[in-house]
Amino acid sequence: MKKNLLFIAILFSTLLVGQEKYKYIVVPQQFSFFTEPNKYNLNSLTKSFFESEGLTVFYDGEDLPEAFLRDKCQVLYANAIKNSTIFNTKITIEVKDCQNKILITSIEGNSREKSYDTAYSQAFREALTSLKGKVDFQKTFTDKANTTKSEVTIEEAKVLSNTVVAVAPETTSNKTLLFALPTETGFKLVNAVPNVIFELQKTTIPDLFLAERGMLDNGIFYKKEGNWFYEYYKKGKLIVEKVEVKF
């Protein structure tokens with residue numbers, strides 16, 4: 001039950017609850033840090049990603065549907081933010097609503113490649129991948145939907161759990177030792193190669209992270225009784241994996 005409560009707390013702190021989903025998103029034809037449209041095919045890459053997430057995507061300046069013109073607040077707006085250094089190409093993707101409010105921010109995609117084409121492609125792909133499964137926003141909000149991460153407590157989650165059907169998890173074990181590398185928003189968990197296996201983002205709850213395993217799945221990563229667990233859904237089944245990790 002405790003694992004279910006933790007999962008519910010994160011679910012209600014990251015998703016917006018409402019009646020109608022956003023259908024459209026607008027992507028720039030040219031990012032502000034480039035001097036030409038679709039440089040390195042990055043705008044096309046960004047458009048393709050959001051299409052894969054089930055949204056209808058338009059470039060800014062394109063002819064838009066009549067429904068969009070009647071209500072511009074049914075549309076999301078995506079943009080890329082560059083924060084590169086001499087040796088690192090760093091890109092963050094932001095998704096905003098019609099009031100310019102940031103609804104979600106990706107992790108910072110990072111590449112040390114010397115070729116600009118390769119570096120930007122890697123940084124964009126890493127940033128976009130971190131948004132996978134997270135852009136299914138709702139357009140109409142309730143009072144509870146405006147709750148932020150810092151406002152959601154375990155006590156509130158317990159109340160919410162009374163309306164949720166209990167899920168029997170399937171428990172597995174991952175015995176490969178992983179090593180935690182700090183990032184600005186959490187950690188990257190790598191193996192001995194090293195390959196990045198998990199990306200963790202901090203929450204307001206100690207030892208509880210939002211987690212992604214490449215493009216495979218996403219869920220939560222937490223510590224219980226001295227052990228670390230990764231919890232996620234696969235084909236409607238709740239999976240709990242015990243993970244060996246050294247922080």
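Student: At 27% relative accessibility, does Tyr40 count as buried, exposed or partly exposed?
Tutor: Keep in mind that we're looking at a predicted model. Buried would need a value under 20% and exposed one over 50%. At 27%, Tyr40 falls between those limits, so the label is partly exposed.

Student: And what is the phi of Tyr40?
Tutor: Most residues other than glycine have a negative phi. Tyr40, found in the loop between strand 1 and helix 2, isn't a glycine, yet its phi is positive. The value is about 55°.

Student: Which other residue in the loop between strand 1 (24–27) and helix 2 (42–52) should I look at?
Tutor: Look for another positive phi on a residue that isn't a glycine: there's one of about 50°. Its relative accessible area is 24%, so it is partly exposed. The residue is Asn38.

Student: Which residue lies over the face of Tyr40?
Tutor: For this, a Lys NZ or Arg CZ has to be within 6 Å of the ring centre. Here the distance is 5.0 Å. The residue is Lys39.

Student: Over which ring does the charged end of Lys47 sit?
Tutor: The distance to the ring centre is 5.9 Å, and the cut-off is 6 Å. The ring belongs to Tyr59.

Student: How is the aromatic pair of Phe31 and Phe33 arranged?
Tutor: A search of the whole structure turns up 19 aromatic pairs. For Phe31 and Phe33, the centres are 5.8 Å apart and the planes 5° apart. Planes under 30 degrees apart get one particular label, so this pair is stacked.

Student: What about the pair of Tyr116 and Tyr120?
Tutor: Both sit in helix 4 (residues 116–129), four residues apart, about one turn of the helix. Their ring centres are 6.4 Å apart, with 45° between the planes. That angle is neither under 30 nor over 60 degrees, so the pair is tilted.

Student: Tyr120 has a relative accessible area of 5%; is it buried or exposed?
Tutor: Its partner Tyr116 counts as exposed at 55%. For Tyr120, the 5% is under the 20% limit, so the residue is buried.

Student: Which strands each supply at least two residues of the lining of the second largest cavity?
Tutor: That cavity holds about 40 Å³ of space. Its lining includes Glu199, Leu200 and Gln201, along with Leu210, Ala211 and Glu212. Match those numbers to the strands and you get strand 9 (196–202) and strand 10 (208–213).

Terms used: Residues are numbered from 1 along each chain as its sequence is written. This is a predicted model: local features need pLDDT of at least 70, side-chain atom pairs count only at pLDDT 80 or more; totals for chains, interfaces and linings use all residues. Side-chain values use heavy atoms; hydrogens and water are left out. On a 1 Å grid over the protein atoms alone, a cavity is a set of points where a 1.4 Å probe fits but cannot get out, and a pocket is an open set with protein on both sides within 12 Å along at least five of seven lines; lining residues have an atom within 4 Å of a point. Grid points are joined across faces, edges and corners, and a volume is the space filled by probe spheres set on the points. Buried means under 20% relative accessible area, exposed over 50%, partly exposed in between (1.4 Å probe, protein chains only). Rings of Phe, Tyr and Trp (its six-membered ring) pair if their centres lie within 6.5 Å; planes under 30 degrees apart count as stacked, over 60 as edge-to-face and the rest as tilted. A charge sits over a ring if NZ of Lys or CZ of Arg is within 6 Å of the ring centre and within 35 degrees of the ring normal.
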